[in-house]
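Morning, everyone. I have one structure to show you today, so let me put it up and walk you through it.

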Amino acid sequence: MRAEEEFDCVVIGAGVQGSFTAYQLAKHNRKTLLLEQFLLPHSRGSSHGQTRIIRKAYQQEFYVQMMEECFKMWTQLEKEAGVKLYRQTGLLVMGPEKSEPYQLIKNTLQKHKVPTVVLTQDNFNQHIPNVRLAEGDGALVEIPAGVLYADRVLRTVQEQFQKQGGVIRDNEKVTDIKPGPLVTVSTSAGVYRAKSVVITAGPWTNTLLAHTALQLPLEVVKINVCYWKEKVPGTYHVKQHFPCFIQTECEETKEHIYGLPANEYPGMVKICYHTGGKTDPDQRDQQRDRSDIDILQRYIARSIPGLIPEPAVVESCMYTLTPDHDFVLDCHPTYNNIIIGAGFSGHGFKFGPIIGKLLCELSLGEVPSFDLSPFRIRRFQANTKSAL
Ligand SMILES: Cc1cc2nc3c(=O)[nH]c(=O)nc-3n(C[C@H](O)[C@H](O)[C@H](O)COP(=O)(O)OP(=O)(O)OC[C@H]3O[C@@H](n4cnc5c(N)ncnc54)[C@H](O)[C@@H]3O)c2cc1C
Ligand SMILES: O=C(O)[C@@H]1CCCCN1
């Protein structure tokens, strides 16, 4: 056991959100410790894998506004670290032309002057060969959207954190949190005291919050991350300018289906279903629901004819869902020096830099630089269990 150490801030969980928060705190000259239960890097949470979509195509304006600043922060990090983290591919959005989600996305992009090309049934295949646009579907391409190299992002931000003097201790699980003016954090290897603690524990958030008598309405689901083989290698490759895509709803389902161009595994395209079976994060391999794969197979056979409609690789990942699918970015309702960043609901990666900044501001007691009302805990009022 190490002697009890004191930090300005302890961040629990070295996924994308905890890593960016720790980095921001260190940049603000705070003595910061980033704790991770597993040996880094690992694939047992939500931030692993090679790729994530970055986009502004959202129904809600507040996400577009956050992404305006966030795109700049990604570029800044690339410059600072001298590493390429983002590749522009464009994002194709398809969905029933008259449906509310499709119309809202289209209007929000136009309102915020995001460079967008609207395609028609007639010219669709000139721009996007090898995809069948369903009858009645609208299609648009958000030009600046693209792919983030996720694993590389984590490595980079953790290295930058350490360069700023931050300390990472991995393979060290937090086992207890005792609130107070100085919060006491116990782990499998030691005890720390800190002026503030940030909980960015992804699917394990409620396990940690149990030590503070709070439970949030979070649901953890397992996502089958499926890769599909191209019939002719190269058809949907990033070098052929095949974009990322989101199908908002279709004949098979009302849930999103999304994909990224072939890149990380030669000849294979990642296409996933935007939800999955409920799971306990420590038992995720026991969750074997494959109903999403049936839906994907039917969708791919009908809409993406250049792929073999049988997944060639299936990996797994988890979403931590809130009831409204908006994030939790807030102080603990009872202890304002415990900050919570959670419930990223399967779309939080692209926001990493700005979430790090906002959680840093909350933990320094500053007024946050964005309106956090969509992300406050009090919106759950009826379903937040507090024993206090
Ligand atoms: C298949 C899939 C596709 C996605 N696609 C996109 C996309 O295209 N674009 C996008 O923007 N987002 C996407 N997302 C969402 C995004 O990846 C997540 O929102 C994000 O990774 C969540 O990060 P996190 O830091 O909150 O959680 P995590 O990455 O899970 O990090 C939490 C960390 O806390 C650690 N921890 C937990 N408990 C303890 C403890 N007691 N002690 C110490 N450490 C602990 C965990 O081990 C873990 O490392 C996708 C997610 C998945 C699963
Ligand atoms: O966050 C994203 O951009 C993707 C889009 C589709 C659902 C999964 N996440």
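Let's start with ligand 1. Keep in mind that this is a predicted model. Four elements each give at least two residues to the shell around ligand 1: helix H1 (16–27), strand E3 (51–54), strand E14 (219–230) and strand E19 (307–321). The shell holds 36 residues. Which of them come nearest? Gly13, Gly15, Gly45, Gly202 and Gly348. By class, the shell around ligand 1 splits into 19 nonpolar, 13 polar and 4 charged residues.

Now, the domains. The chain is divided into two. Domain 1 is built from 5–47, 151–215 and 324–386. Domain 2 is built from 91–143 and 219–321. So where does ligand 1 sit? It lies between domain 1 and domain 2, because both of them give residues to its shell.

How far apart are the C-alpha centres of the two domains? The answer is 30 Å. The domains do touch: 12 residues of domain 1 are in contact with 8 residues of domain 2. Look at the domain 1 side of that contact. Its residues are 4 nonpolar and 8 polar, with no charged ones.

Next, the inside. The largest nonpolar core has 108 residues. Val10, Ile12, Leu91, Val197 and Ile199 touch the most other members. Helix H2, residues 61–81, provides the largest share of this core, with 7 residues. Both domains take part as well: domain 1 and domain 2 each put in at least three residues.

Let me zoom in on Ile199. Leaving aside residues up to four places away in sequence, Ile199 touches Ile12, Thr205, Leu208, Leu209, Ile338 and Ile340. Ile12 is itself on that list of best-connected core members.

On to ligand 2. What surrounds it? Ile53, Arg55, Ile246, His256, Tyr258, His274, Gly346 and His347. Three histidines there, if you are reading along: His256, His274 and His347. Sorted by class, the shell around ligand 2 has 3 nonpolar, 4 polar and 1 charged residues.

Last, the annotation. An unreviewed UniProt entry labels residues 8–362 "domain: FAD dependent oxidoreductase". That label comes from the record. What does the span look like in the model? Residues 8–362 are 26% helix and 32% strand. The end C-alpha atoms of the span lie 13 Å apart.

To recap: ligand 1 lies between the two domains, and the largest nonpolar core draws on both of them. That's my tour. Over to you.

Terms used
Residues are numbered from 1 along each chain as its sequence is written. Chains are lettered from A and ligands numbered from 1 in the order in which they are written. This is a predicted model: local features need pLDDT of at least 70, side-chain atom pairs count only at pLDDT 80 or more; totals for chains, interfaces and linings use all residues. A residue is near a molecule or strand if its C-beta atom, placed from the backbone, lies within 6 Å of it. Ala, Val, Leu, Ile, Met, Phe, Trp, Tyr, Cys and Pro count as nonpolar, Asp, Glu, Lys and Arg as charged, and the others, Gly among them, as polar. Domain bounds come from an automatic or database domain assignment. UniProt positions are given in the numbering used here, feature names are shortened, and annotations may be inferred rather than shown by experiment. Two residues are in contact if their C-beta atoms, placed from the backbone, lie within 7 Å. A nonpolar core is a set of buried Ala, Val, Leu, Ile, Met, Phe, Trp, Tyr and Cys residues joined through C-beta atoms within 7 Å. A residue is buried if 20 or more other C-beta atoms lie within 10 Å of its own, exposed if 12 or fewer, and partly exposed in between; C-beta atoms are placed from the backbone.
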